[in-house]
Amino acid sequence: MRPQRAAALAGVVAVVVALGTGELLAGLVAAVPSPLDAVGQVLIPRFPGAITTWAIDTFGTANRAVLLGAIVLVALALGAVAGMAARNGPATPVTLFVAAGILGIVAAQGQPGAGLLAVVAATAIAAASGLAALRWSLVRASEARVHDPSGGDVVSRRTVLGTLGALAAAAVGAGGVGRWALGGGVTVEPVDVALPTPRTTRPPVTAAVDASSQVDGLSPIITPTDRFFRIDTALSVPRVDPEAWRLRITGMVDRPVELTLDELFDAPMDEVDVTIACVSNEVGGDLIGTARWLGTPLADLLDRAGVRPDATQVVGRSVDGWTAGFPTELAFARRDAIVAVGMNGEPLPARHGFPARLIVPGLYGYVSATKWLAEIELTSWEGFDAYWIPRGWAKEGPIKTASRIDVPRARQRVTTGEVTVAGVAWAPTTGIEAVEVQVDDGPFQPATLVEPLADTTWVQWVMAVELAEGEHALTVRAVDGDRRLQPRGPQPPAPDGAEGWHRRVVRVAT
Ligand SMILES: Nc1nc2c(c(=O)[nH]1)N[C@H]1C(S)=C(S)[C@@H](COP(=O)(O)O)O[C@H]1N2
Ligand SMILES: [Mo]
């Protein structure tokens with residue numbers, strides 16, 4: 001192998017080892033944030049809104065993986081440079097690794113829960129393992145000679161590549177374990193938190209309100225927590241220490257309030273069934289789910305603080321600084337606008353906002369559903385634009401009436417005769433009055449609605465249609481509780497939510 005190339009390869013392996021070690025430590029130690037996430041989180045708010053929106057449009061929920069991949073590529077390229085420079089002595093590679101480490105430490109300080117000492121120690125370990133790997137790899141790489149004129153032992157290029165590859169693979173594996181743990185892998189449920197007893201409960205979910213046990217493939221009326229969609233800007237799930245956490249109510253109030261988690265748990269808790277949806281959900285998409293939330297009315301907490309009359313906006317701010325804002329009157333209009341601590345009978349999982357989040361029926365998540373809630377700030381409507389507003393999304397975000405075909409599933413084999421078509425439709429908070437299904441260019445026919453769980457949730461609908469052999473297009477549309485027909489669209493998700501009648505083509509065989 002040419003020495004130059006071998007050195008570059010050694011540098012790349014060294015960076016893989018350093019990053020793998022860093023991600024592993026982040027997964028193992030709560031006070032150590034992921035170095036990749038920390039750097040990504042520094043970059044994200046610095047991108048112009050147009051780029052962020054483009055990335056989300058293009059890569060969807062994979063946009064964070066793409067960003068992390070780009071950061072890794074830059075780091076690997078720097079590693080190659082460090083490796084080649086290492087041939088002239090250790091000064092340049094050591095400087096590069098130390099500089100990268102310092103940048104990592106600074107970036108990590110912006111991550112919730114980061115401990116300075118733990119971060120410094122972890123970074124030192126990661127950088128040191130990278131440098132050790134660099135030295136080791138350089139020696140291995142220099143052993144690779146196509147031809148050794150001295151006649152000594154010749155290590156084949158393949159053996160060297162194999163050894164370096166094995167080291168890199170081990171580091172990738174370690175980093176993978178770390179990222180899995182960061183994604184909530186090991187701590188799905190926060191430990192040591194017992195939910196308060198509800199003051200009011202919702203009726204048990206029976207087959208009367210949930211037909212999913214009879215219709216294969218139909219969305220369950222309550223989305224199981226482990227299948228619930230996740231959307232947020234957090235690169236790794238914030239892990240909040242329940243002992244140290246505080247909820248503050250600030251801004252245009254008479255008496256700012258600060259609550260511990262125990263104090264919040266002492267507030268009267270109600271169960272509410274609410275469907276939440278993401279404004280980025282496409283027609284027919286699955287960025288929507290329904291849960292039985294446990295929480296205390298937001299209005300009661302706001303009354304403790306005494307909201308001033310000119311405070312026309314409620315802003316939820318999360319531990320990582322993300323914000324969402326909605327009209328104050330919505331908080332007071334509904335008892336089921338809550339600060340939620342429970343989801344489907346369990347404490348909120350870390351992914352969905354442990355220890356507390358906002359749930360406001362009828363509003364898209366980006367204007368309302370702040371997870372890892374740290375502060376509720378009262379301000380004026382004009383006084384503050386929350387996270388997504390300067391990035392091109394509408395200031396007001398009511399959920400649009402929509403409907404979706406669940407069955408037949410995409411590419412499902414369907415045979416001629418009577419075919420069950422079923423799905424969900426939603427118009428929180430008016431509820432759904434009717435759902436209609438069209439086969440090809442035929443008339444819209446009413447589907448059967450399953451008894452609604454609540455006006456604040458989606459409803460299931462079912463219909464049997466006769467289908468002959470060949471291709472058929474099924475189209476669904478809904479009518480909301482105010483008898484308004486679902487808009488035909490089509491409109492893309494930006495800036496205020498997609499519109500369109502969901503259509504699915506099925507292939508019917510004998
Ligand atoms: N802290 C925080 N909360 C957040 C977000 C976020 O990026 N950060 N995203 C919001 C958006 S856009 C949506 S759609 C919902 C999704 O909630 P889920 O991940 O529990 O399904 O969370 C909201 N709450
Ligand atoms: Mo969203």
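A molecule counts as sitting in a pocket if more than half of its atoms lie within 2 Å of the pocket's grid points. I had that rule at hand when I opened this predicted model.

**Entry 1: the ligand**

I began with where ligand 1 goes, and by that rule ligand 1 sits in the largest pocket. Next I asked how many residues surround ligand 1. The shell holds 18 residues, and I noted Phe229, Thr233, His352, Arg357 and Lys371 as the closest. I sorted the shell by type and got nine nonpolar residues, five polar ones and four charged ones.

Then I went through polar contacts, for which N or O atoms have to be within 3.5 Å. Lys371 uses its side chain: an N or O atom there is 2.5 Å from an oxygen atom of ligand 1. Thr233 brings in its backbone instead, with an N or O atom 2.8 Å from a ligand oxygen. For Ser318 I found a polar side-chain atom 3.2 Å from a nitrogen atom of ligand 1. Buried or exposed, then, once the protein is counted as cover? Ligand 1 on its own has 540 Å² of accessible area, and the protein covers 99% of that.

**Entry 2: loops on the way from β7 to β9**

I checked backbone oddities here. Asn344, in the loop between β7 (338–343) and β8, has a positive phi near 50 degrees, and Asn344 is not a glycine. Further on, I looked at the peptide bond joining Phe354 and Pro355, and this bond is cis, with omega about 5 degrees. Pro355 belongs to the loop between β8 (346–347) and β9 (357–359). I also jotted down that Arg357, one of the closest residues to ligand 1, carries the number at which β9 begins.

**Entry 3: the five-stranded sheet**

Which order do the strands take in the open sheet of five? I read β12-β19-β18-β14-β15, and the pairing is mixed. At the edges I have β12 (414–415) and β15 (445–446), each of them paired on one side only.

I spent some time on β14 (residues 432–439). β14 pairs with β18 (residues 470–480) through seven bridges, antiparallel. Within that pair I picked out Ile432, whose bridge partner is Asp480, and Ala434, which stands opposite Val479. On the other side, β14 and β15 run antiparallel and are joined by two bridges. One partnership I noted there is Glu436 with Pro446. The hairpin of β14 and β15 has five residues between its strands, and Asp440 takes a positive phi near 50 degrees in it.

I then followed the chain out of β18. The loop between β18 and β19 (502–509) contains Pro490. A cis peptide bond joins Gly489 to Pro490, and I read omega as about -5 degrees.

**Entry 4: the four-stranded sheet**

The other open sheet I looked up has four strands, in the order β11-β13-β17-β16, and its pairing is antiparallel. Why is one side of β11 (402–407) and of β16 (448–449) left without a neighbour in the sheet? Both stand at the edges and each has a single partner strand, so there is nothing in the sheet on the other side.

Last, I looked at the pair of β13 (residues 417–426) and β17 (residues 459–467). I have nine bridges joining these antiparallel strands. As one register mark I wrote down Val424, opposite Gln460 in β17.

Key: Residues are numbered from 1 along each chain as its sequence is written. Chains are lettered from A and ligands numbered from 1 in the order in which they are written. This is a predicted model: local features need pLDDT of at least 70, side-chain atom pairs count only at pLDDT 80 or more; totals for chains, interfaces and linings use all residues. Side-chain values use heavy atoms; hydrogens and water are left out. A residue is near a molecule or strand if one of its heavy atoms lies within 4 Å of it. A polar contact is a pair of N or O atoms within 3.5 Å; within protein, one must be able to donate a hydrogen and the other to accept it, and residues adjacent in sequence count only if both atoms are side-chain atoms. Accessible areas come from the Shrake-Rupley method with a 1.4 Å probe; for residues, only the protein chains shown count as cover. On a 1 Å grid over the protein atoms alone, a cavity is a set of points where a 1.4 Å probe fits but cannot get out, and a pocket is an open set with protein on both sides within 12 Å along at least five of seven lines; lining residues have an atom within 4 Å of a point. Ala, Val, Leu, Ile, Met, Phe, Trp, Tyr, Cys and Pro count as nonpolar, Asp, Glu, Lys and Arg as charged, and the others, Gly among them, as polar. Two strands pair if DSSP finds at least two bridges between them.
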